[in-house]
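Subject: Structure for your review

Dear colleague,

Please find the structure below, with the sequence alongside. My notes on what was found in it follow directly after.

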Amino acid sequence: LAKLFEITGESSLFGYLRKLDSLENLKLLNDDISSRLFGLPSHKSFPRELTKLTLLNTLLDWSEMSTLGKLENLEVLKLKDNAFKGRLWQTEKGGFLRLKFLHIGRTDLVVWEASVDQFPKLKSLVLRNCDKLRAFPHDLADIPSLQMVVLHCTNPSVASSARKLQVLKLEQAQRGNKTSGFKLSVYPPEH
């Protein structure tokens, strides 16, 4: 079976996804920006072996993320430009248990509430063009596996809160007599 499967435009193919149990990489791409995807099917409708998922221009409500959080083998989630729409994302407890890489692209997200319970294995987080986001979720500092945060064209308050996370990660490493492998990249750099 193919390891990559793309669904573009209006998606009436969700019913066929479950039949592709061996599918590991899925891209949901909406090429008609004037329309949106109004919801996702149950997490049980997605292929069991799915490890990588990319969404682009789907304009889903952030509440739909709870479905993606239940995908048991998901390790890479790329929310490209306009994948989700809305001001608030409250992650649910027990979600994204295997997620290692999260990319959030251009969005109107203002408040993101998250904790270590939702992303226990997260290693890398990339935020691009999230200029309305007010702050970086403070509790992500408690994720032991978090090694890298990349901020590209976010607002200064997000960069400031991410720098506080960097200090916390350094303090945690010093308490454990370890070197902090944590890296923070902010572009454009503040002067």
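Asn129 sits in the loop that runs between strand 10 (124-128) and strand 11 (148-152), and in this predicted model its phi is near 60°, a positive value in a residue other than glycine. With a relative accessible area of 17%, Asn129 is buried, since buried means under 20%. A second residue with this kind of backbone angle is Phe96, which is not a glycine and yet has a positive phi of about 55°. Phe96 is placed in the loop between strand 7 (88-90) and strand 8, and at 6% relative accessibility Phe96 also counts as buried. The background to both remarks is that most residues other than glycine have a negative phi, and that most peptide bonds are trans. On the latter point, the peptide bond that joins Tyr187 and Pro188 is cis, with omega at about -5°, and Pro188 belongs to the segment that follows strand 12 (183-187).

As for the protein as a whole, its secondary structure comes to three helices and 12 strands. Of the 191 residues in the protein, 45% are buried, and the exposed area is about 10200 Å², of which carbon and sulfur atoms supply 50%. Among the contacts with a separation of 6 or more, 54% are accounted for by residues that are 24 or more positions apart.

The structure holds two salt bridges, and I describe each of them in turn. In one of them Asp81 pairs with Arg106, and the closest N and O atoms are 3.9 Å apart. Asp81 lies in the loop between strand 5 and strand 6 (84-85), whereas Arg106 lies in the loop between strand 8 and strand 9 (111-113), so this pair ties together parts that are 25 residues apart in sequence. Please note that the distance of 3.9 Å has to be read against a cut-off of 4 Å for a salt bridge. Asp81 is partly exposed at 30% relative accessibility, and Arg106 is partly exposed as well, with a relative accessible area of 40%.

The other salt bridge is formed by Lys85 and Asp108, with the closest N and O atoms 3.5 Å apart. Because Lys85 lies in strand 6 and Asp108 in the loop between strand 8 and strand 9, the pair ties together parts that are 23 residues apart in sequence. Both partners count as partly exposed, Lys85 with a relative accessible area of 39% and Asp108 at 21% relative accessibility.

Asp108 appears again in the surroundings of Arg87, a residue in the loop between strand 6 and strand 7. Leaving aside neighbours within four places in sequence, Arg87 is in contact with Asp108, Leu109, Val110, Val111 and Arg134. Arg87 is exposed, with a relative accessible area of 54%, and the C-alpha atoms of Arg87 and Trp62 are 8.3 Å apart in space, although the two residues are 25 apart in sequence.

Turning to charge on the surface, Lys52, Lys78, Lys80 and Arg128 form a positive patch. One of these residues, Lys78, lies in strand 5 (residues 76-79) and counts as partly exposed at 31% relative accessibility, a value to be read with care, because patches are made of residues with over 30% relative accessible area.

Lys78 is also among the residues that Phe101 touches; not counting residues up to four places away in sequence, the list for Phe101 is Glu75, Val76, Leu77, Lys78, Leu122, Ser124 and Val126. Phe101 itself lies in strand 8 (residues 101-104) and counts as partly exposed at 23% relative accessibility. Phe101 and Met148 are 47 residues apart in sequence, while their C-alpha atoms are 9.6 Å apart in space.

Finally, Asn73 is found in the loop between helix 2 (65-69) and strand 5. Once its neighbours within four places in sequence are left aside, Asn73 is in contact with Arg48, Glu49, Leu50, Thr51 and Arg98. Asn73 is buried, with a relative accessible area of 19%, and this value should be read against the limit for buried, which is under 20%.

With best regards

Terms used
Residues numbered from 1 in each chain as written. Predicted model: local features only at pLDDT ≥ 70, side-chain atom pairs only at ≥ 80, totals over all residues. Heavy atoms only, no water. Patch = residues over 30% accessible without salt bridge, like charges linked within 9 Å, V, L, I, M, F, W, Y side chains within 5 Å. Areas by Shrake-Rupley, 256 points an atom, 1.4 Å probe, with all protein chains shown as cover. Salt bridge = Lys/Arg side-chain N within 4 Å of Asp/Glu carboxyl O. Lys, Arg positive; Asp, Glu negative; His and termini not counted. Charge placed at Lys NZ, Arg CZ, Asp CG, Glu CD. Helix = DSSP H or I, 4+ residues; strand = E, 2+ residues; numbered from the N terminus. Buried < 20%, exposed > 50% of the residue type's maximum accessible area, 1.4 Å probe, protein only. Contact = heavy atoms within 4.5 Å.
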